[in-house]
Amino acid sequence: MRQLISLQRYATFALVAVLAIVFFIAGFWASWAFLLFFVFAALTALGIHDVRQTRHAIIRNYPVLGHIRFLFEKIRPEIRQYLIEGDQDEQPFSREQRSLVYQRSKGAEDKRPFGTQERVYEAGYSWLTHSVQPIHLEDTDFRVNIGGDHCKQPYNASLYNISAMSFGALSANAISALNKGAKMGGFAHDTGEGGISRYHRDGGGDLIYEIGSGYFGCRNDDGTFNPEKFAKQAENDQVKMIELKLSQGAKPGHGGMLPAAKITPEIAEARDIPMGVDCVSPAAHTAFTGPMELMQFIGQLRDLSGGKPIGFKLCIGHRREFMCMVKAMLETGIIPDFIVVDGTEGGTGAAPLEFANHVGMPMVEGLTFVHNTLRGAGIRDQVKIGAAGKVVSAFDIARALSIGADWCNSARGYMFAIGCIQAQACHTNHCPVGVTTQDPVRQAALDVNNKSKRVARFHANTLRALGEMAGAAGLNDPRGFLPYHFMTRKGDGQMTEAADVYTYLREGFLLDDGDDNPIYRERWARANAHSFAPPEAATS
(Lines give C-alpha, C1' and ligand atoms only; values in the text may rest on other atoms or scores of the structure.)
Protein backbone atom coordinates (compact mmCIF):
# COMPACT_ATOMS: atom_id res chain seq x y z
CA MET A 1 0.00 0.00 0.00
CA ARG A 2 2.80 2.39 0.94
CA GLN A 3 4.55 1.67 -2.37
CA LEU A 4 1.31 2.30 -4.26
CA ILE A 5 0.87 5.70 -2.60
CA SER A 6 4.48 6.50 -3.36
CA LEU A 7 4.02 5.60 -7.02
CA GLN A 8 0.93 7.83 -7.25
CA ARG A 9 3.22 10.82 -6.86
CA TYR A 10 4.64 10.01 -10.31
CA ALA A 11 1.30 9.30 -11.97
CA THR A 12 1.18 12.60 -13.87
CA PHE A 13 4.79 12.18 -14.99
CA ALA A 14 4.09 8.65 -16.17
CA LEU A 15 0.91 9.74 -17.95
CA VAL A 16 2.62 12.46 -20.01
CA ALA A 17 5.42 10.03 -20.91
CA VAL A 18 2.88 7.44 -22.09
CA LEU A 19 0.96 10.07 -24.06
CA ALA A 20 4.19 11.21 -25.70
CA ILE A 21 4.77 7.65 -26.94
CA VAL A 22 1.14 7.25 -28.04
CA PHE A 23 1.09 10.48 -30.06
CA PHE A 24 4.49 9.71 -31.56
CA ILE A 25 3.16 6.43 -32.94
CA ALA A 26 -0.16 8.04 -33.96
CA GLY A 27 1.77 10.64 -35.90
CA PHE A 28 2.63 8.12 -38.58
CA TRP A 29 -1.10 7.85 -39.39
CA ALA A 30 -2.11 11.50 -38.66
CA SER A 31 0.57 14.16 -38.91
CA TRP A 32 -1.28 16.53 -36.53
CA ALA A 33 -0.51 14.06 -33.70
CA PHE A 34 3.15 15.05 -33.88
CA LEU A 35 2.18 18.48 -32.48
CA LEU A 36 0.78 16.78 -29.38
CA PHE A 37 3.83 14.53 -29.25
CA PHE A 38 6.12 17.55 -29.00
CA VAL A 39 3.96 18.98 -26.18
CA PHE A 40 4.01 15.80 -24.13
CA ALA A 41 7.66 15.12 -24.95
CA ALA A 42 8.51 18.53 -23.53
CA LEU A 43 6.49 17.74 -20.39
CA THR A 44 8.30 14.41 -20.12
CA ALA A 45 11.66 16.14 -20.34
CA LEU A 46 10.46 18.55 -17.66
CA GLY A 47 9.52 15.60 -15.46
CA ILE A 48 12.97 14.05 -15.89
CA HIS A 49 14.53 17.36 -14.87
CA ASP A 50 12.18 17.60 -11.87
CA VAL A 51 13.15 14.24 -10.37
CA ARG A 52 16.86 15.00 -10.78
CA GLN A 53 16.90 18.56 -9.38
CA THR A 54 17.35 19.15 -5.62
CA ARG A 55 16.15 22.72 -5.22
CA HIS A 56 12.38 22.17 -4.86
CA ALA A 57 11.09 19.21 -2.90
CA ILE A 58 7.52 19.56 -4.16
CA ILE A 59 8.39 19.11 -7.83
CA ARG A 60 10.87 16.36 -7.02
CA ASN A 61 8.09 14.44 -5.28
CA TYR A 62 5.44 15.46 -7.83
CA PRO A 63 7.22 15.92 -11.16
CA VAL A 64 5.27 18.01 -13.72
CA LEU A 65 2.22 18.24 -11.44
CA GLY A 66 4.13 20.20 -8.78
CA HIS A 67 4.55 23.16 -11.15
CA ILE A 68 0.84 23.94 -10.77
CA ARG A 69 1.64 25.16 -7.26
CA PHE A 70 4.07 27.76 -8.61
CA LEU A 71 1.62 28.75 -11.36
CA PHE A 72 -1.16 29.43 -8.84
CA GLU A 73 1.28 31.29 -6.60
CA LYS A 74 2.28 33.49 -9.52
CA ILE A 75 -1.28 34.43 -10.46
CA ARG A 76 -2.59 34.53 -6.89
CA PRO A 77 -2.99 38.35 -6.77
CA GLU A 78 -5.02 38.30 -10.00
CA ILE A 79 -7.19 35.38 -8.86
CA ARG A 80 -7.90 37.11 -5.57
CA GLN A 81 -8.68 40.47 -7.19
CA TYR A 82 -10.94 39.22 -9.95
CA LEU A 83 -12.62 36.18 -8.43
CA ILE A 84 -12.46 36.20 -4.63
CA GLU A 85 -12.16 39.57 -2.91
CA GLY A 86 -15.15 41.80 -2.31
CA ASP A 87 -15.40 45.43 -3.37
CA GLN A 88 -14.42 46.59 0.12
CA ASP A 89 -11.50 44.22 0.74
CA GLU A 90 -8.30 46.27 0.79
CA GLN A 91 -5.44 44.16 -0.60
CA PRO A 92 -3.95 46.77 -0.33
CA PHE A 93 -6.45 48.85 -2.34
CA SER A 94 -10.03 47.69 -2.62
CA ARG A 95 -11.73 47.01 -5.92
CA GLU A 96 -13.98 49.99 -5.19
CA GLN A 97 -11.01 52.33 -4.79
CA ARG A 98 -9.32 51.10 -7.96
CA SER A 99 -12.53 51.28 -9.97
CA LEU A 100 -13.09 54.86 -8.85
CA VAL A 101 -9.66 55.87 -10.18
CA TYR A 102 -10.15 53.96 -13.43
CA GLN A 103 -13.53 55.59 -14.03
CA ARG A 104 -12.37 59.11 -13.26
CA SER A 105 -9.22 58.76 -15.34
CA LYS A 106 -11.26 57.54 -18.32
CA GLY A 107 -13.96 60.17 -17.85
CA ALA A 108 -16.49 57.36 -17.36
CA GLU A 109 -19.53 57.36 -15.11
CA ASP A 110 -18.44 57.11 -11.47
CA LYS A 111 -21.88 57.04 -9.82
CA ARG A 112 -23.06 54.04 -7.80
CA PRO A 113 -26.66 52.77 -7.79
CA PHE A 114 -28.48 51.03 -4.95
CA GLY A 115 -26.74 52.76 -2.04
CA THR A 116 -23.49 52.35 -0.14
CA GLN A 117 -21.74 49.06 0.44
CA GLU A 118 -20.03 50.46 3.54
CA ARG A 119 -20.98 48.93 6.88
CA VAL A 120 -22.26 52.18 8.33
CA TYR A 121 -22.93 50.83 11.83
CA GLU A 122 -19.55 49.18 12.34
CA ALA A 123 -16.56 50.68 14.15
CA GLY A 124 -14.32 52.84 12.00
CA TYR A 125 -17.00 54.05 9.59
CA SER A 126 -16.56 57.79 8.91
CA TRP A 127 -18.77 60.36 7.25
CA LEU A 128 -18.88 64.03 6.33
CA THR A 129 -21.40 66.31 8.01
CA HIS A 130 -23.22 68.35 5.36
CA SER A 131 -25.07 71.65 5.41
CA VAL A 132 -28.73 72.41 4.67
CA GLN A 133 -27.37 75.35 2.65
CA PRO A 134 -24.91 73.75 0.24
CA ILE A 135 -22.80 75.83 -2.13
CA HIS A 136 -22.05 75.16 -5.80
CA LEU A 137 -18.38 75.77 -6.64
CA GLU A 138 -17.69 76.56 -10.29
CA ASP A 139 -13.88 76.69 -10.07
CA THR A 140 -12.42 73.51 -8.59
CA ASP A 141 -8.79 74.19 -9.47
CA PHE A 142 -7.94 74.48 -5.78
CA ARG A 143 -4.45 75.74 -4.95
CA VAL A 144 -2.18 76.54 -2.03
CA ASN A 145 0.73 78.99 -2.02
CA ILE A 146 3.92 77.37 -0.72
CA GLY A 147 6.80 79.55 0.38
CA GLY A 148 7.62 81.38 3.62
CA ASP A 149 9.16 84.77 4.35
CA HIS A 150 12.60 83.72 3.08
CA CYS A 151 11.31 82.13 -0.12
CA LYS A 152 11.91 84.25 -3.22
CA GLN A 153 10.08 81.97 -5.68
CA PRO A 154 6.91 80.66 -3.99
CA TYR A 155 4.93 77.98 -5.79
CA ASN A 156 1.17 77.98 -6.24
CA ALA A 157 0.54 74.25 -5.96
CA SER A 158 -2.52 72.13 -6.63
CA LEU A 159 -4.15 70.44 -3.65
CA TYR A 160 -3.52 67.04 -5.28
CA ASN A 161 -0.14 66.17 -6.79
CA ILE A 162 1.87 63.14 -7.89
CA SER A 163 3.90 61.70 -5.04
CA ALA A 164 7.54 60.60 -5.23
CA MET A 165 8.25 57.73 -7.65
CA SER A 166 11.71 57.47 -9.21
CA PHE A 167 12.66 56.75 -12.77
CA GLY A 168 14.03 53.24 -12.43
CA ALA A 169 11.27 52.19 -10.10
CA LEU A 170 8.86 53.33 -12.83
CA SER A 171 9.38 52.85 -16.54
CA ALA A 172 10.30 55.60 -18.95
CA ASN A 173 6.82 55.52 -20.47
CA ALA A 174 5.20 55.72 -17.04
CA ILE A 175 7.29 58.76 -16.07
CA SER A 176 6.51 60.42 -19.40
CA ALA A 177 2.78 59.80 -19.05
CA LEU A 178 2.68 61.11 -15.48
CA ASN A 179 4.67 64.24 -16.30
CA LYS A 180 2.75 65.08 -19.45
CA GLY A 181 -0.48 64.57 -17.51
CA ALA A 182 0.79 66.93 -14.80
CA LYS A 183 1.57 69.49 -17.51
CA MET A 184 -1.94 69.20 -18.95
CA GLY A 185 -3.59 69.44 -15.54
CA GLY A 186 -1.35 72.12 -14.06
CA PHE A 187 -0.15 70.19 -11.03
CA ALA A 188 3.19 68.94 -9.71
CA HIS A 189 5.13 65.72 -10.22
CA ASP A 190 7.59 64.63 -7.51
CA THR A 191 10.67 63.08 -9.09
CA GLY A 192 11.40 60.61 -6.31
CA GLU A 193 14.97 60.28 -5.08
CA GLY A 194 16.22 58.83 -8.39
CA GLY A 195 16.96 62.24 -9.89
CA ILE A 196 15.53 64.20 -12.81
CA SER A 197 15.49 62.01 -15.91
CA ARG A 198 15.15 63.03 -19.54
CA TYR A 199 11.55 61.77 -19.34
CA HIS A 200 10.74 64.24 -16.58
CA ARG A 201 12.21 67.05 -18.67
CA ASP A 202 10.55 66.05 -21.94
CA GLY A 203 7.09 66.17 -20.38
CA GLY A 204 7.45 69.80 -19.35
CA GLY A 205 5.38 69.39 -16.17
CA ASP A 206 6.13 71.11 -12.86
CA LEU A 207 8.66 69.14 -10.81
CA ILE A 208 9.32 68.69 -7.12
CA TYR A 209 12.98 67.66 -7.06
CA GLU A 210 13.41 65.10 -4.30
CA ILE A 211 16.87 64.64 -2.81
CA GLY A 212 17.50 61.46 -0.88
CA SER A 213 20.52 60.15 0.97
CA GLY A 214 22.17 59.16 -2.33
CA TYR A 215 22.04 62.78 -3.60
CA PHE A 216 21.28 61.54 -7.10
CA GLY A 217 21.82 64.20 -9.70
CA CYS A 218 23.81 66.35 -7.28
CA ARG A 219 26.50 64.06 -5.91
CA ASN A 220 30.25 63.68 -5.89
CA ASP A 221 31.90 60.45 -6.99
CA ASP A 222 32.01 59.26 -3.37
CA GLY A 223 28.25 59.79 -2.94
CA THR A 224 28.43 63.02 -0.95
CA PHE A 225 26.45 66.17 -1.74
CA ASN A 226 27.77 68.45 -4.51
CA PRO A 227 26.48 72.07 -4.17
CA GLU A 228 27.40 73.10 -7.73
CA LYS A 229 25.55 70.19 -9.33
CA PHE A 230 22.53 70.86 -7.12
CA ALA A 231 22.43 74.52 -8.10
CA LYS A 232 22.50 73.55 -11.78
CA GLN A 233 19.58 71.14 -11.29
CA ALA A 234 17.57 73.60 -9.20
CA GLU A 235 17.90 76.51 -11.62
CA ASN A 236 15.76 74.68 -14.18
CA ASP A 237 12.41 76.45 -14.55
CA GLN A 238 10.59 73.10 -14.36
CA VAL A 239 11.81 72.61 -10.79
CA LYS A 240 9.31 74.42 -8.57
CA MET A 241 10.20 72.99 -5.14
CA ILE A 242 12.99 70.95 -3.53
CA GLU A 243 12.11 68.14 -1.13
CA LEU A 244 14.73 66.60 1.14
CA LYS A 245 13.76 63.00 1.86
CA LEU A 246 14.55 62.00 5.44
CA SER A 247 12.45 58.83 5.27
CA GLN A 248 9.54 57.34 3.38
CA GLY A 249 6.48 55.63 4.75
CA ALA A 250 6.99 52.29 3.03
CA LYS A 251 10.47 51.71 4.45
CA PRO A 252 11.39 54.36 7.04
CA GLY A 253 14.96 54.12 8.32
CA HIS A 254 15.96 51.79 5.49
CA GLY A 255 18.35 52.43 2.64
CA GLY A 256 18.50 50.57 -0.63
CA MET A 257 20.67 49.30 -3.44
CA LEU A 258 20.14 49.11 -7.17
CA PRO A 259 22.36 46.27 -8.47
CA ALA A 260 24.75 47.13 -11.26
CA ALA A 261 23.00 44.68 -13.57
CA LYS A 262 19.79 46.75 -13.43
CA ILE A 263 21.43 50.11 -14.14
CA THR A 264 20.74 51.28 -17.67
CA PRO A 265 22.53 54.21 -19.36
CA GLU A 266 19.40 56.35 -18.86
CA ILE A 267 19.23 55.56 -15.12
CA ALA A 268 22.95 56.29 -14.79
CA GLU A 269 22.41 59.61 -16.56
CA ALA A 270 19.54 60.64 -14.27
CA ARG A 271 21.30 59.60 -11.07
CA ASP A 272 24.77 60.77 -12.10
CA ILE A 273 26.28 57.39 -11.29
CA PRO A 274 28.73 55.15 -13.17
CA MET A 275 27.70 52.06 -15.09
CA GLY A 276 28.78 48.66 -13.81
CA VAL A 277 28.75 49.61 -10.12
CA ASP A 278 26.03 48.92 -7.53
CA CYS A 279 24.08 52.09 -6.73
CA VAL A 280 23.71 52.50 -2.96
CA SER A 281 21.23 54.72 -1.13
CA PRO A 282 22.44 54.89 2.49
CA ALA A 283 19.92 54.73 5.31
CA ALA A 284 21.13 58.10 6.66
CA HIS A 285 22.28 61.37 5.12
CA THR A 286 25.94 62.40 5.13
CA ALA A 287 25.36 66.15 4.59
CA PHE A 288 24.17 66.57 8.19
CA THR A 289 23.94 64.62 11.43
CA GLY A 290 22.07 66.70 14.00
CA PRO A 291 18.96 68.95 13.91
CA MET A 292 20.97 72.18 13.71
CA GLU A 293 22.98 70.88 10.74
CA LEU A 294 19.74 69.77 9.08
CA MET A 295 18.32 73.30 9.28
CA GLN A 296 21.60 74.78 8.05
CA PHE A 297 21.52 72.36 5.10
CA ILE A 298 17.96 73.47 4.31
CA GLY A 299 19.20 77.06 4.41
CA GLN A 300 22.02 76.15 2.04
CA LEU A 301 19.60 74.49 -0.40
CA ARG A 302 17.40 77.58 -0.29
CA ASP A 303 20.34 79.82 -1.21
CA LEU A 304 21.64 77.50 -3.91
CA SER A 305 18.19 77.18 -5.50
CA GLY A 306 17.70 80.92 -5.79
CA GLY A 307 15.05 81.01 -3.10
CA LYS A 308 12.74 78.22 -4.26
CA PRO A 309 10.54 76.50 -1.63
CA ILE A 310 12.59 74.01 0.39
CA GLY A 311 11.10 71.35 2.62
CA PHE A 312 11.53 67.81 3.79
CA LYS A 313 9.57 64.58 3.77
CA LEU A 314 9.46 62.05 6.57
CA CYS A 315 7.47 59.27 8.13
CA ILE A 316 7.17 59.96 11.86
CA GLY A 317 9.08 57.53 14.07
CA HIS A 318 10.52 58.83 17.35
CA ARG A 319 8.29 61.82 18.01
CA ARG A 320 10.99 63.46 20.11
CA GLU A 321 13.28 63.57 17.06
CA PHE A 322 10.78 65.62 15.10
CA MET A 323 10.57 67.97 18.07
CA CYS A 324 14.38 68.23 17.95
CA MET A 325 14.00 69.54 14.40
CA VAL A 326 11.35 72.05 15.46
CA LYS A 327 13.56 73.32 18.29
CA ALA A 328 16.39 73.72 15.77
CA MET A 329 14.03 75.73 13.54
CA LEU A 330 13.35 78.10 16.43
CA GLU A 331 17.02 78.38 17.40
CA THR A 332 18.40 78.93 13.88
CA GLY A 333 15.49 80.91 12.49
CA ILE A 334 15.69 78.65 9.41
CA ILE A 335 12.18 77.34 8.90
CA PRO A 336 11.37 75.02 5.99
CA ASP A 337 8.68 76.16 3.60
CA PHE A 338 6.91 72.81 3.77
CA ILE A 339 6.93 69.37 5.38
CA VAL A 340 5.46 66.28 3.71
CA VAL A 341 4.17 63.67 6.15
CA ASP A 342 4.33 60.20 4.61
CA GLY A 343 2.37 57.42 6.28
CA THR A 344 3.54 53.88 6.79
CA GLU A 345 0.72 52.80 4.45
CA GLY A 346 2.82 54.16 1.58
CA GLY A 347 4.03 51.67 -1.00
CA THR A 348 7.21 50.73 -2.82
CA GLY A 349 8.64 47.72 -4.60
CA ALA A 350 11.74 47.80 -2.39
CA ALA A 351 10.45 47.42 1.17
CA PRO A 352 11.18 44.39 3.37
CA LEU A 353 7.91 42.96 4.69
CA GLU A 354 8.67 43.84 8.30
CA PHE A 355 9.23 47.49 7.36
CA ALA A 356 6.12 47.70 5.20
CA ASN A 357 3.97 46.15 7.93
CA HIS A 358 5.41 47.30 11.22
CA VAL A 359 7.77 50.30 10.98
CA GLY A 360 6.65 53.93 10.95
CA MET A 361 3.54 55.85 11.95
CA PRO A 362 0.36 55.83 9.82
CA MET A 363 -0.41 59.07 8.01
CA VAL A 364 -3.36 60.23 10.13
CA GLU A 365 -1.48 60.02 13.42
CA GLY A 366 1.74 61.38 11.90
CA LEU A 367 -0.05 64.30 10.27
CA THR A 368 -1.89 65.16 13.50
CA PHE A 369 1.35 65.09 15.48
CA VAL A 370 3.28 67.29 13.04
CA HIS A 371 0.41 69.76 12.75
CA ASN A 372 0.00 70.11 16.53
CA THR A 373 3.74 70.28 17.25
CA LEU A 374 4.10 73.17 14.81
CA ARG A 375 1.08 74.83 16.41
CA GLY A 376 2.58 74.31 19.85
CA ALA A 377 5.85 75.90 18.71
CA GLY A 378 4.01 78.88 17.22
CA ILE A 379 5.22 78.36 13.63
CA ARG A 380 2.36 76.46 12.01
CA ASP A 381 1.45 79.47 9.88
CA GLN A 382 4.97 79.55 8.42
CA VAL A 383 5.09 75.91 7.27
CA LYS A 384 2.77 74.23 4.78
CA ILE A 385 2.10 70.51 5.30
CA GLY A 386 1.61 67.91 2.58
CA ALA A 387 0.18 64.47 3.32
CA ALA A 388 0.73 61.16 1.53
CA GLY A 389 -0.49 57.64 2.21
CA LYS A 390 -3.26 55.88 0.22
CA VAL A 391 -4.95 59.16 -0.76
CA VAL A 392 -7.00 58.27 -3.85
CA SER A 393 -10.45 59.82 -3.39
CA ALA A 394 -11.92 63.23 -2.67
CA PHE A 395 -12.98 61.95 0.77
CA ASP A 396 -9.35 60.96 1.51
CA ILE A 397 -8.20 64.47 0.58
CA ALA A 398 -10.94 66.16 2.57
CA ARG A 399 -10.18 64.13 5.68
CA ALA A 400 -6.44 64.90 5.43
CA LEU A 401 -7.15 68.61 4.98
CA SER A 402 -9.40 68.58 8.02
CA ILE A 403 -6.73 67.24 10.37
CA GLY A 404 -3.94 69.56 9.30
CA ALA A 405 -2.78 69.02 5.71
CA ASP A 406 -2.53 71.91 3.25
CA TRP A 407 -2.35 69.60 0.25
CA CYS A 408 -2.07 65.89 -0.59
CA ASN A 409 0.14 63.70 -2.74
CA SER A 410 -0.65 60.33 -4.26
CA ALA A 411 1.60 57.75 -5.88
CA ARG A 412 -0.49 54.64 -6.38
CA GLY A 413 -3.61 56.63 -7.27
CA TYR A 414 -1.82 58.05 -10.28
CA MET A 415 -0.31 54.63 -11.01
CA PHE A 416 -3.86 53.28 -11.32
CA ALA A 417 -4.63 56.20 -13.64
CA ILE A 418 -1.92 55.04 -16.08
CA GLY A 419 -3.09 51.45 -16.00
CA CYS A 420 -1.68 49.73 -12.90
CA ILE A 421 -3.80 46.66 -12.09
CA GLN A 422 -2.26 46.00 -8.66
CA ALA A 423 -0.51 42.85 -9.88
CA GLN A 424 2.05 43.47 -7.10
CA ALA A 425 4.93 42.53 -9.40
CA CYS A 426 6.69 45.90 -9.06
CA HIS A 427 9.91 44.34 -7.74
CA THR A 428 10.17 41.64 -10.43
CA ASN A 429 10.67 43.80 -13.55
CA HIS A 430 7.72 41.85 -14.99
CA CYS A 431 4.95 44.41 -14.53
CA PRO A 432 2.22 43.20 -16.92
CA VAL A 433 1.11 46.72 -17.88
CA GLY A 434 4.52 48.38 -18.27
CA VAL A 435 4.32 50.74 -15.29
CA THR A 436 7.10 49.40 -13.04
CA THR A 437 9.49 47.71 -15.44
CA GLN A 438 12.56 48.58 -17.47
CA ASP A 439 11.74 45.86 -20.00
CA PRO A 440 11.38 47.81 -23.28
CA VAL A 441 8.83 45.35 -24.67
CA ARG A 442 6.58 45.43 -21.60
CA GLN A 443 6.67 49.20 -21.19
CA ALA A 444 5.97 49.77 -24.87
CA ALA A 445 2.40 48.62 -24.16
CA LEU A 446 1.89 51.78 -22.09
CA ASP A 447 0.79 54.44 -24.56
CA VAL A 448 2.09 57.78 -23.27
CA ASN A 449 -0.39 60.04 -25.08
CA ASN A 450 -3.43 58.04 -23.96
CA LYS A 451 -2.30 57.58 -20.36
CA SER A 452 -1.22 61.20 -19.90
CA LYS A 453 -4.77 62.28 -20.71
CA ARG A 454 -6.04 59.86 -18.09
CA VAL A 455 -3.69 61.36 -15.50
CA ALA A 456 -5.03 64.84 -16.20
CA ARG A 457 -8.65 63.64 -16.14
CA PHE A 458 -8.18 61.77 -12.86
CA HIS A 459 -6.75 64.89 -11.24
CA ALA A 460 -9.50 67.18 -12.58
CA ASN A 461 -12.37 64.82 -11.73
CA THR A 462 -11.04 64.15 -8.23
CA LEU A 463 -10.79 67.89 -7.51
CA ARG A 464 -14.27 68.36 -8.96
CA ALA A 465 -15.55 65.74 -6.51
CA LEU A 466 -13.64 67.48 -3.72
CA GLY A 467 -15.36 70.73 -4.65
CA GLU A 468 -18.75 69.02 -4.50
CA MET A 469 -17.94 67.68 -1.02
CA ALA A 470 -16.79 71.11 0.17
CA GLY A 471 -19.95 72.68 -1.24
CA ALA A 472 -22.10 70.05 0.45
CA ALA A 473 -20.51 71.05 3.76
CA GLY A 474 -21.29 74.69 3.08
CA LEU A 475 -17.67 75.64 2.38
CA ASN A 476 -16.33 77.90 -0.36
CA ASP A 477 -12.99 76.08 -0.38
CA PRO A 478 -11.95 72.56 0.75
CA ARG A 479 -9.13 74.10 2.78
CA GLY A 480 -11.88 75.13 5.17
CA PHE A 481 -12.46 71.53 6.28
CA LEU A 482 -11.94 71.06 10.03
CA PRO A 483 -12.19 67.96 12.23
CA TYR A 484 -15.74 68.81 13.32
CA HIS A 485 -16.90 68.31 9.73
CA PHE A 486 -16.31 64.58 10.13
CA MET A 487 -17.86 61.94 12.32
CA THR A 488 -16.61 58.45 13.07
CA ARG A 489 -18.08 55.40 14.76
CA LYS A 490 -16.21 54.08 17.78
CA GLY A 491 -15.74 50.49 18.84
CA ASP A 492 -18.73 50.66 21.17
CA GLY A 493 -20.98 51.64 18.28
CA GLN A 494 -21.33 55.26 19.37
CA MET A 495 -20.50 58.12 17.02
CA THR A 496 -18.05 60.87 17.85
CA GLU A 497 -16.74 64.00 16.18
CA ALA A 498 -13.29 63.68 14.65
CA ALA A 499 -12.52 66.86 16.61
CA ASP A 500 -12.67 64.80 19.79
CA VAL A 501 -9.99 62.47 18.44
CA TYR A 502 -7.87 64.77 16.26
CA THR A 503 -8.01 67.95 18.32
CA TYR A 504 -6.26 71.13 17.22
CA LEU A 505 -4.02 71.99 20.16
CA ARG A 506 -3.65 75.65 21.08
CA GLU A 507 -1.03 77.86 19.47
CA GLY A 508 2.24 78.28 21.37
CA PHE A 509 1.49 75.87 24.21
CA LEU A 510 4.98 74.30 23.99
CA LEU A 511 6.57 77.68 24.66
CA ASP A 512 4.89 78.40 28.00
CA ASP A 513 4.82 76.77 31.43
CA GLY A 514 1.29 75.36 31.29
CA ASP A 515 0.35 71.81 32.19
CA ASP A 516 -1.95 70.96 29.28
CA ASN A 517 -1.07 68.32 26.68
CA PRO A 518 1.45 66.46 28.90
CA ILE A 519 2.35 63.87 26.24
CA TYR A 520 3.63 66.61 23.95
CA ARG A 521 5.25 68.58 26.76
CA GLU A 522 7.15 65.56 28.10
CA ARG A 523 8.75 64.87 24.72
CA TRP A 524 9.39 68.56 24.09
CA ALA A 525 11.32 68.76 27.37
CA ARG A 526 13.56 65.89 26.23
CA ALA A 527 14.10 67.21 22.69
CA ASN A 528 17.49 68.73 21.95
CA ALA A 529 18.06 71.14 19.06
CA HIS A 530 21.70 70.03 18.83
CA SER A 531 21.35 66.24 18.80
CA PHE A 532 18.93 63.49 17.86
CA ALA A 533 20.44 61.25 20.55
CA PRO A 534 17.97 60.50 23.38
CA PRO A 535 18.66 61.73 26.92
CA GLU A 536 20.01 59.08 29.28
CA ALA A 537 17.43 56.57 30.51
CA ALA A 538 14.75 58.19 28.32
CA THR A 539 12.41 56.53 25.88
CA SER A 540 10.90 57.99 22.78
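**View A. Where I75 sits in the predicted model.** In this predicted model, I75 turns up in the loop between α5 and α6 (76-84). How exposed is I75? Its relative accessible area comes to 31%, so I75 counts as partly exposed.

**View B. A nonpolar patch on the surface that takes in I75.** I75 has company here: I58, Y62, L65, I68, L71 and F72 belong to the patch too. Together these side chains put about 580 Å² of accessible area on show. Which helix gives the most to the patch? That's helix α5 (residues 67-74), which chips in three residues.

**View C. Two of the aromatic pairs, one stacked and one tilted.** The structure holds 25 aromatic pairs. Take Y125 and W127: their ring centres lie 5.5 Å apart and the planes meet at 25 degrees; that angle is under 30 degrees, so the pair goes down as stacked. Now look at F481 and F486, where the centres are 5.7 Å apart and the planes open to 55 degrees, making a tilted pair. Are F481 and F486 buried or exposed? Both F481 and F486 are buried.

**View D. An aromatic cluster with six named members, Y209, Y215, F225, F230, F288 and F297.** These Tyr and Phe residues come together as one cluster.

**View E. Charged ends over aromatic rings, at F216 and at W524.** R271 holds its charged end over the ring of F216, 5.0 Å from the ring centre. Over at W524, the partner is K327, with its charged end 5.1 Å from the centre of the ring.

Terms used. Residues numbered from 1 in each chain as written. Predicted model: local features only at pLDDT ≥ 70, side-chain atom pairs only at ≥ 80, totals over all residues. Heavy atoms only, no water. Patch = residues over 30% accessible without salt bridge, like charges linked within 9 Å, V, L, I, M, F, W, Y side chains within 5 Å. Areas by Shrake-Rupley, 256 points an atom, 1.4 Å probe, with all protein chains shown as cover. Salt bridge = Lys/Arg side-chain N within 4 Å of Asp/Glu carboxyl O. Helix = DSSP H or I, 4+ residues; strand = E, 2+ residues; numbered from the N terminus. Buried < 20%, exposed > 50% of the residue type's maximum accessible area, 1.4 Å probe, protein only. Phe/Tyr/Trp six-rings, centres within 6.5 Å; stacked < 30°, edge-to-face > 60°. Lys NZ or Arg CZ within 6 Å of the ring centre and 35° of its normal.
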